[in-house]
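Here are a few short exercises to work through with the model open beside you. Try each task on your own before reading its solution.

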Amino acid sequence: MLKLYEYASSGNCYKIRLLLNQLGIAYQRILIDILTGESRTAKFLAMNPVGKIPVLEIQPGQYLSESNAIIYYLADGTEFLPVDRWERSQVMQWLFFEQYSHEPNIATVRFWMSIAKIAEQKRDAIVQKQELGYAALQVMEQHLKEQKYFVGDRYSIADIALYAYTHVAAEGNFNLSQFPAILSWLDRINSQPNYLTISA
């Protein structure tokens with residue numbers, strides 16, 4: 001059985017749980033408390049020298065890290081990853097966008113404000129990251145005005161990756177009411193078969 005080493009409220013971990021649930025794949029959850037340093041122990045670093053969650057243990061001694069690499073691995077050969085070369089490249093484009101332009105800003109502010117509770121210490125950085133986060137959301141909004149989903153007009157891991165932190169962006173004081181196309185897209189994701197909430 002697959003083992004997922006994770007922190008429950010992490011969007012990077014949630015995207016993997018969501019996909020696994022939609023694929024109907026059984027797995028074991030192993031909770032790692034990043035706030036107390038459990039991802040920095042010698043045991044964890046042997047699985048991922050970077051010291052970050054999530055980590056997927058595919059078989060004993062075989063570990064895969066980086067959330068988007070994990071969902072790409074799991075989606076390969078399924079309806080969640082297009083077969084067409086161009087569409088697969090577009091999926092990769094959005095996965096890179098999510099980790100470079102979206103997650104570092106939206107997820108980080110959420111973590112500081114709602115999980116680590118250090119918003120006051122990070123006040124200046126939050127202002128800067130919120131500006132960059134809104135810029136990423138605007139890119140998404142413009143794209144979703146033309147398409148129901150991010151690639152090929154159908155639900156894929158590109159949507160899962162971007163959904164993970166967008167749907168909880170309010171926990172970082174991001175106001176999504178100015179992004180109607182994103183809000184409609186969120187509703188479409190919520191209604192997907194075998195949908196799973198982040199708190200489930």
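## Exercise 1: Surface and overall build

The accessible surface of the protein chain is about 9900 Å², and carbon and sulfur atoms supply 52% of that area (Shrake-Rupley method, 1.4 Å probe; for residues, only the protein chains shown count as cover). Before going on, note that this is a predicted model, in which local features need pLDDT of at least 70 and side-chain atom pairs count only at pLDDT 80 or more, while totals for chains, interfaces and linings use all residues. Residues are numbered from 1 along each chain as its sequence is written, and side-chain values use heavy atoms, with hydrogens and water left out.

Task: describe the fold order and the overall dimensions of the protein chain.

Solution:
- Start with the elements: the chain has 7 helices and 4 strands (DSSP runs numbered from the N terminus; helices are H or I with at least four residues, strands are E with at least two).
- Next, put them in order: along the sequence the pattern reads β-α-β-α-β-β-α-α-α-α-α.
- Then look at extent: the C-alpha atoms fill a box of roughly 45 × 45 × 25 Å along the principal axes.
- Finally, check the radius of gyration: it is 17 Å, which agrees with the value near 16 Å for a compact globule of 200 residues (taken over C-alpha atoms; the globule rule is 2.2 Å times the number of residues to the power 0.38).

## Exercise 2: Two one-sided helices

Task: find which residues of α7 are buried and where they lie around the axis.

Solution:
- List the buried residues of α7 (residues 180-190): Ala181, Ile182, Trp185, Leu186 and Ile189 (buried means under 20% relative accessible area, exposed over 50%, partly exposed in between; 1.4 Å probe, protein chains only).
- They cover an arc of only 140° around the axis, so they sit on the same side of α7 (the arc is that of the directions from the helix axis to the C-beta atoms).
- Turn to the face away from that buried side, and you meet the exposed residues Pro180 and Asp187.
- The buried residues of α7 pack against α5 (123-144) and α6 (157-166) (contact means heavy atoms within 4.5 Å).

Task: now do the same for α3 (residues 67-75).

Solution:
- Ser67, Asn68, Ile70, Ile71, Leu74 and Ala75 are buried there.
- Viewed down the axis of α3, these residues fall within an arc of 155°, so they line one face of the helix.
- Their packing partners include β1 (2-6), α1 (11-23) and α4 (85-115).
- Just after α3, Gly77 has a positive phi of about 85°.

## Exercise 3: A covered helix

Task: how many residues of α6 are buried, and what do they pack against?

Solution:
- Count first: 10 of its 10 residues are buried.
- Among them are Asp159, Tyr163 and Thr166.
- The buried residues of α6 pack against α1, α3, α4, α5 and α7.

## Exercise 4: Two residues side by side

Task: is Gly172 buried or exposed, and is Gln128 buried or exposed?

Solution:
- Gly172 lies in the loop between α6 and α7, and is buried with a relative accessible area of 0%.
- Leaving aside neighbours within four places in sequence, Gly172 contacts Val109, Arg110, Met113 and Gln130.
- Gln128 belongs to α5, and is exposed with a relative accessible area of 52%.
- The C-alpha atoms of Gln128 and Val109 are 9.9 Å apart, with their positions 19 residues apart in sequence.
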